[in-house]
Amino acid sequence: MLTIKKYAAIDIGSNAVRLLIANIIEEKGKATRFKKSSLVRVPIRLGSDVFMKGKISKHNGERLVDTMQAFKLLMKSHNVVKYKACATSAMREASNGDKISNRILENTEIKIDIIGGEEEAAIIAATDLNSYIDPNKTYLYVDVGGGSTEFTVIHNGKSVTSRSFKIGTVRLLNDIVKNETWHELEQWIKNHTQTFEKIDVLGTGGNINKIFKISGKAIGKPLTYFYLTSYYNMLQTYSYEERISELDLNQDRADVIIPATRIYLSAMKWCGAKDIYVPKIGLADGIIKSIYYDTVSSNTQ
């Protein structure tokens with residue numbers, strides 16, 4: 001007996017808003033399978049408003065409401081039976097975040113949960129991360145976002161410690177990350193990784209996914225610190241326009257990819273990692289799993 005249901009996850013980030021629709025495939029005697037059906041990404045970049053002015057602009061607020069309306073219709077068209085919408089640091093820090101959430105609820109009936117960095121890290125940990133982890137190794141897991149980056153130390157397959165730092169690609173683009181925050185991150189990484197003899201980095205986020213795809217590496221193979229450093233240096237020799245026209249990067253990727261790479265390289269340097277593995281997972285994947293395993297509240301269509 002085979003049953004297939006569709007679940008959806010909405011991830012309202014500081015750089016982009018995403019709708020992930022997944023097939024949940026249940027078959028007697030077999031493990032449940034989670035298969036991506038559709039992914040829609042809209043680069044609203046809420047963080048540029050919030051991190052500079054403290055609130056979401058009227059224009060981007062309207063764009064967000066329109067996007068949620070479109071997502072609502074897409075979920076209906078796909079026959080989605082359960083979904084959850086989560087917002088991260090931009091909505092969390094916006095003085096009008098709750099007001100816009102209420103507008104979205106009134107206009108679309110989509111309830112948005114504004115979550116903290118630690119909860120974000122816990123939801124991501126509910127993904128297929130374990131399938132990428134060698135239980136005999138130690139990893140520093142780095143999930144780079146527009147407003148914050150989540151760091152988790154994983155030893156022998158278990159999470160040892162986790163922390164969210166307000167260092168993200170949109171914040172860095174707007175030059176609003178203090179040196180003290182970088183120093184605090186450096187000390188945190190060194191303090192929590194120095195006892196381990198060897199450590200690798202697990203990197204997630206749209207930018208490292210893009211770099212991995214460009215590298216041509218086989219799935220499951222790592223990028224080296226040398227490769228990432230070379231790519232980072234190469235990116236900086238191109239202007240923003242050249243990154244779009246000559247490197248074929250999308251306009252909302254061509255600027256944030258540099259600060260994102262800086263974060264991954266800094267993490268690798270401070271923990272002494274020579275390799276970074278790139279599992280293609282993120283918050284939206286974690287939301288889908290969390291809905292299925294009932295570790296978060298969800299909404300039913």
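Start with strand 5: there, Ile112 is the bridge partner of Ala85. This is a predicted model, where local features need pLDDT of at least 70, side-chain atom pairs count only at pLDDT 80 or more, and totals for chains, interfaces and linings use all residues. Residues are numbered from 1 along each chain as its sequence is written, and side-chain values use heavy atoms, with hydrogens and water left out. Helices (H or I, at least four residues) and strands (E, at least two) are DSSP runs, numbered from the N terminus.

**Around strand 4**

Strand 5 covers residues 112-114 and pairs with strand 4 (residues 82-87) in the parallel sense, over three bridges. Two strands count as paired if DSSP finds at least two bridges between them. Strand 4 also runs parallel to strand 1 (residues 2-12), this time with six bridges. Ala85 turns up here again, standing opposite Ile10. Five of the six residues of strand 4 are buried, so the strand is mostly covered; buried means under 20% relative accessible area, exposed over 50%, and partly exposed in between (1.4 Å probe, protein chains only).

**Two odd phi values**

Most residues other than glycine have a negative phi. Here are two that don't:

| Residue | Phi | Loop | Relative accessibility |
|---|---|---|---|
| Asn79 | about 60° | between helix 2 (58-77) and strand 4 | 60%, exposed |
| Glu109 | near 70° | between helix 4 (97-108) and strand 5 | 59%, exposed |

**The open sheet**

Further along the chain, six strands make an open sheet in the order 8-7-6-9-11-10, with mixed pairing. Its edges are strand 8 (158-165) and strand 10 (223-224), each of which pairs on one side only. Strand 10 is joined to strand 11 (residues 275-277) by two bridges in the antiparallel sense, and Thr224 sits opposite Asp275 of strand 11.

Helix 7 (residues 179-193) packs on this sheet, touching strand 6 (138-144), strand 7 (149-155) and strand 8. Contact here means heavy atoms within 4.5 Å. The direction of helix 7 makes about 175° with that of strand 8; axes are lines fitted to C-alpha atoms, for helices over the stretch in contact, and angles run from 0 to 180 degrees between N-to-C directions.

**Helix 11**

What does helix 11 lie across? Strand 6, strand 7, strand 9 (200-204), strand 10 and strand 11, with an angle of about 160° to strand 6. Of its 15 residues, 13 are buried, so helix 11 is largely enclosed by the rest of the structure. The geometry checks out too: at 1.5 Å a residue, residues 257-271 should span 21 Å, and the end C-alpha atoms are 21 Å apart. That expected span is 1.5 Å times one less than the number of residues. Just after helix 11 comes Gly272, with a positive phi of about 80°.

**The largest pocket**

The volume of the largest pocket is about 920 Å³. On a 1 Å grid over the protein atoms alone, a pocket is an open set of points where a 1.4 Å probe fits, with protein on both sides within 12 Å along at least five of seven lines; lining residues have an atom within 4 Å of a point. Points are joined across faces, edges and corners, and the volume is the space filled by probe spheres set on them.

There are 38 lining residues, and Arg18, Gly205, Gly206, Asn209 and Arg253 are the closest to the pocket's centre. Which element gives the most to the lining? Helix 8, with five residues. Strand 2 (17-27), strand 3 (33-42), strand 6, helix 8 (206-215) and helix 12 (283-292) each supply at least two.
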